[in-house]
Amino acid sequence: MSDNIKTREFSISDYDAALELWQRVEGLEIAEGDDREGVSHFLARNPGLSRVATDGAAIVGVALCGHDGRRGYIYHLAVDPAYQTRGLGRRLMDECLAGLRRAGLKRALILVARDNPRGRKFWRRHGWEEVPGPIVMGIDL
Ligand SMILES: CC(C)(COP(=O)(O)OP(=O)(O)OC[C@H]1O[C@@H](n2cnc3c(N)ncnc32)[C@H](O)[C@@H]1OP(=O)(O)O)[C@@H](O)C(=O)NCCC(=O)NCCS
């Protein structure tokens, strides 16, 4: 691993490497909208907000970020296990939040699996609070 880790905007050409990383880490579920077409659509709707971290040609971190005009959302934050616990997850999260602030958003939400204690700890440590009360509901279209 080099110390030359950079971050930049997520481009659709990063999709294959991002999917491979999402499949490799624990705590993420690949769902509807995560195919190439879905991610491409998401990136086009939310230009400049999603991020990747690179070490040379390798994608070592990913975060999808977007908003609906009212709330910001971060999805699928993942860091290659070999690169974890060095602040890269935080760096990607901070860059996503900075982009949402620039877009005028005042609040962001994330969905964290109940059985992902490490993920929950990460978000809590960085100031996110669990929202008591609401349950998440969904429907396939
Ligand atoms: C959650 C995840 C993205 C965090 O990535 P990361 O790069 O390890 O994140 P950070 O390094 O910024 O922070 C992780 C921990 O390392 C610690 N850390 C950060 N920099 C450090 C350093 N230089 N030295 C030692 N520890 C450090 C942080 O304090 C943090 O501690 P905590 O877990 O007790 O809160 C990563 O664990 C991951 O990909 N998990 C699997 C996918 C997942 O669950 N994603 C979230 C879905 S909601």
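## Exercises on aromatic rings and cysteines

Phe42, Tyr73 and Tyr75 form one aromatic cluster. The model examined here is a predicted one.

**Exercise 1.** Determine how many aromatic pairs the structure has, and classify the geometry of the pair formed by phenylalanine 122 and tryptophan 123.

*Solution.* Step 1: the ring centres of a pair must lie within 6.5 Å. By this rule, the count is 5 aromatic pairs.
Step 2: for phenylalanine 122 and tryptophan 123, the centre-to-centre distance is 5.2 Å and the angle between the planes is 85°.
Step 3: planes over 60 degrees apart count as edge-to-face. The pair of phenylalanine 122 and tryptophan 123 is therefore edge-to-face.

**Exercise 2.** State whether phenylalanine 122 is buried, partly exposed or exposed, and do likewise for tryptophan 123.

*Solution.* Step 1: a residue is buried under 20% relative accessible area and exposed over 50%, with partly exposed in between.
Step 2: phenylalanine 122 has a relative accessibility of 22%, so it counts as partly exposed.
Step 3: tryptophan 123 has a relative accessibility of 10%, so tryptophan 123 counts as buried.

**Exercise 3.** Establish how many disulfides the structure contains, and describe the surroundings of cysteine 65 and cysteine 96.

*Solution.* Step 1: a search of the whole structure finds 0 disulfides.
Step 2: the cysteine sulfur nearest to that of cysteine 65 belongs to cysteine 96, 4.2 Å away. For cysteine 96, the nearest cysteine sulfur is in turn that of cysteine 65.
Step 3: a disulfide requires the two sulfur atoms to be within 2.5 Å. At 4.2 Å, cysteine 65 is therefore in no disulfide, and neither is cysteine 96.
Step 4: cysteine 65 has a relative accessibility of 0% and so counts as buried. Cysteine 96 is also buried, at 0%.

Note on methods
Residues numbered from 1 in each chain as written. Predicted model: local features only at pLDDT ≥ 70, side-chain atom pairs only at ≥ 80, totals over all residues. Heavy atoms only, no water. Phe/Tyr/Trp six-rings, centres within 6.5 Å; stacked < 30°, edge-to-face > 60°. Buried < 20%, exposed > 50% of the residue type's maximum accessible area, 1.4 Å probe, protein only.
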